[in-house]
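Reader: I've got a protein–RNA model open here and would like to go through the contacts with you. Shall we take a look?

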Amino acid sequence: MTAERVRFAPSPTGYLHIGGVRTALYNWLWARQTKGTFILRIEDTDTERSTAESTQVILDAMKWLDLDWDEGPGVGGPNGPYFQTERVEIYKEFADRMIERGTAYRCYATKEELDAERERQTKAGNPFFRYPGTWRDKGPKDWPTDGRPYVVRLKSPKSGSTGWVDLVKGRIDVPNEQQQDVVLIRSNGIPLYNFGAAIDDITMGVTLVARGDDHVVNTPVQILIYEALGKTPPKLAHLPMINGPDGKKLSKRNAAVSVAEYRDMGFLPDAVLNYLARLGWSHGDQEIFTRGEMIQHFDWSHVGRTAAQYDLKKFQFVQSSHLRAVDEAKLAELARPYLKAGATIDSEARLHAAIGTVKTRATTLLDVGEMVDFYFRDTLSFDEKAVAKFLVPAAASLLGDFRAHLAAQPAFDRASLEAATTAWLTERGLQIKDVAQAARVSLTGKSQSPGLYEVLEVLGRERALARLEAGAHKASQAAST
RNA sequence: GGCCCCAUCGUCUAGCGGUUAGGACAUCGGCCUCUCACGCCGGUAACCGGGGUUCGAGUCCCCGUGGGGUCGCCA
C-alpha cells in the first residue's frame with residue numbers, strides 16, 4: 001500500500017459542518033491507513049466571507065475530534081503556506097504559464113459588461129449565463145496598455161470530453177462543450193476555487209482528492225487545468241451528500257450541523273467519527289468501531305453511492321455505545337466540565353463509583369453530569385411528583401425502620417446492604433418493592449435512579465442514613481397536611 | 001432547461017447472477033427486575049415501474065418515474 005497524500009480543505013466562513021467532518025475523516029483515515037500524509041489547507045480566497053475566527057473554530061473542532069494533520073496551520077510543512085491567500089504569487093506564476101501555453105487567456109471584460117450580457121441572455125430566454133468568449137481568441141497584442149484590471153480565464157476545449165474513474169462513483173465523463181471558460185484568477189489577483197484547489201493539489205503533491213458530491217461538476221475543470229499544465233490528475237473520490245432527517249438538505253433547520261454543538265452536548269469525538277464513518281461507508285455488519293478499527297478497515301470500495309439521511313436516534317445509539325466503553329476514571333475526567341454547578345466532588349473515588357452507576361443509563365456526558373448530581377449535594381432537590389406519589393404517610397414509619405436497620409449494619413457495601421435488606425424484609429414479611437420507591441426518592445430525589453444498593457453504597461453511610469431520615473420525616477409531614 | 005449523479009425495510013446499510021434478501025437504529029411484544037436503563041429473546045417491515053439479456057435477475061443493459069448536484073470575479 002503506497003503512502004497517499006490527501007487533504008481536507010475547508011473554507012473559514014463559519015463553523016465546521018458535520019458533512020465536512022465526514023470528508024475530513026475519510027481523508028484522515030486513508031492517510032493513516034496508508035501511512036501517508038494528511039494535509040489541512042485553508043481555502044480563504046473568498047475574502048468577503050472568510051474570517052480568522054472561523055479558521056480558529058475549524059482548527060479547534062479538528063483538534064477536539066483529534067483529526068491531527070501532518071501539514072497545515074500550526075504545524076507547517078514543506079509545501080506551505082497553507083492559507084491560499086498567502087499563495088497568490090504561486091497562482092500567478094501558473095496562470096502566466098498557462099497563458100503562454102495558450103490554455104488560458106486574459107479577459108478584460110468588466111463586471112458591468114458581464115452583468116449587462118447576463119441580463120441580455122436572461123431576457124432572451126436563457127437564465128443560464130454563458131460567457132460569450134469575447135477575449136478567448138485575443139493575444140498579447142490585443143491587451144490594453146492602460147493597466148486595466150483583467151481576469152484570467154481557462155481556454156477550455158470545445159469538443160471531446162473530460163472524464164475520470166471516480167473511486168466511489170465509477171466512470172464519469174462530461175462533454176467539453178458543457179464547459180465554460182471559467183475564471184481562474186480574479187481581477188484582484190486572488191484565484192477562484194477551481195484554480196486554487198488544482199494548483200495547490202499539484203504543488204502539494206496530493207495523490208488522492210476526496211470531497212463532497214457537489215464538487216463533481218468542478219472536477220472536469222480541474223482536470224483540464226491539470227492537463228493544461230501537463231500534470232496527471234490525482235485519484236478522485238466524491239462522497240454522497242448527507243441529507244437532513246426530513247430528506248431535505250442538511251441544515252441547522254433540521255439538525256445540529258456544527259460539530260461544536262455535539263461537543264457541547266457531551267458527545268464523544270470517537271462516537272461522532274464512528275457515526276459519520278458509518279453514514280456512507282460500511283464494513284460488513286459492524287456498527288461500532290474504535291478509531292483504530294476505522295483506520296484499519298476503511299476502504300473506498302465500500303463507500304456507498306447514495307445520499308444518506310442523518311438520524312439522531314442512531315447517532316445517540318452509537319454515542320451511548322462509546323460512552324459505555326469508557327472506564328470510570330477516564331469518564332470522570334471527560335465528564336468533569338459537564339458536572340452541574342454546585343456539585344461538590346469530595347472524593348475522586350466516589351465520583352468514579354457514582355459514574356459507574358449511571359454509565360449504562362446515560363447517553364452523553366451531559367447526562368452523566370445530571371445523573372450523578374444527586375450524589376454530591378448537601379441539600380437534595382426533589383422531584384415533586386415523585387415525592388407526592390411515594391413519600392406518603394404510610395411510608396414514613398417503614399422508612400424510619402429501614403433506616404434504623406441499615407444504621408445497625410457494620411458494613412455498608414452493596415452486597416452487605418442487599419443481604420441486610422433481604423433479612424429485614426423477610427423479618428417484616430415485606431417485599432423490596434414495598435419500600436424501594438420511597439427509599440429511592442428519599443435518597444435521590446427522583447423516582448428513577450441506579451439500583452438501591454449501589455446508590456446507598458456510593459452515597460456512603462452518613463449521607464444515606466441522613467437522607468432516609470429526612471425522607472421519613474418528609475413522608476410523615478405529608479400526613480399532617 | 002443543459003450536463004452529471006443516485007434508487008434494497010421508516011432510517012443507515014449487506015448483497016457484487018442462483019440467498020427463506022442478512023445486520024443495525026427506530027418501532028412493537030416478551031424475559032430480567034427495587035425504578036430507569038443495560039442485557040437477552042422474538043415480531044412487523046424493503047429490492048421504484050416497465051421492457052430486455054439469461055436456464056435463472058435486487059444484482060447486467062435500455063427506457064420511464066422519482067430524488068439530488070450544478071450552471072458566479074462563492075466554495
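Reader: How many residues surround RNA strand B, and which are the closest?

Author: Keep in mind that this is a predicted model. In it, 60 residues surround RNA strand B. Sugar and phosphate make up 66% of the strand's atoms that come within 4 Å of the protein. As for the closest residues, they are D46, R186, T360, R361 and R440.

Reader: Which polar side-chain atom lies 3.2 Å from a phosphate oxygen of RNA strand B?

Author: Two arginines point to bases: R361 has a polar side-chain atom 2.3 Å from a base nitrogen, and R440 has one 2.3 Å from a base oxygen. The phosphate oxygen, at 3.2 Å, has a polar side-chain atom from another residue, S282.

Reader: Which element gives the largest share of the surface near RNA strand B?

Author: Several elements give two or more residues each, including helix 4 (111-123), helix 10 (312-325) and helix 17 (432-444). By class, that surface has 21 nonpolar, 18 polar and 21 charged residues. The largest share is five residues, and they come from strand 6.

Reader: What stands opposite V165 in strand 6?

Author: V165 belongs to strand 5 (residues 161-166), which runs antiparallel to strand 6 and is joined to it by six bridges. The two strands form a hairpin with three residues between them. Opposite V165 in strand 6 stands R171.

Terms used: Residues numbered from 1 in each chain as written. Chains lettered and ligands numbered in written order. Predicted model: local features only at pLDDT ≥ 70, side-chain atom pairs only at ≥ 80, totals over all residues. Heavy atoms only, no water. Near = heavy atom within 4 Å. Polar contact = N/O pair within 3.5 Å; in protein donor to acceptor, adjacent residues only side chain to side chain. Helix = DSSP H or I, 4+ residues; strand = E, 2+ residues; numbered from the N terminus. Nonpolar A, V, L, I, M, F, W, Y, C, P; charged D, E, K, R; others polar. Pairing = 2+ DSSP bridges.
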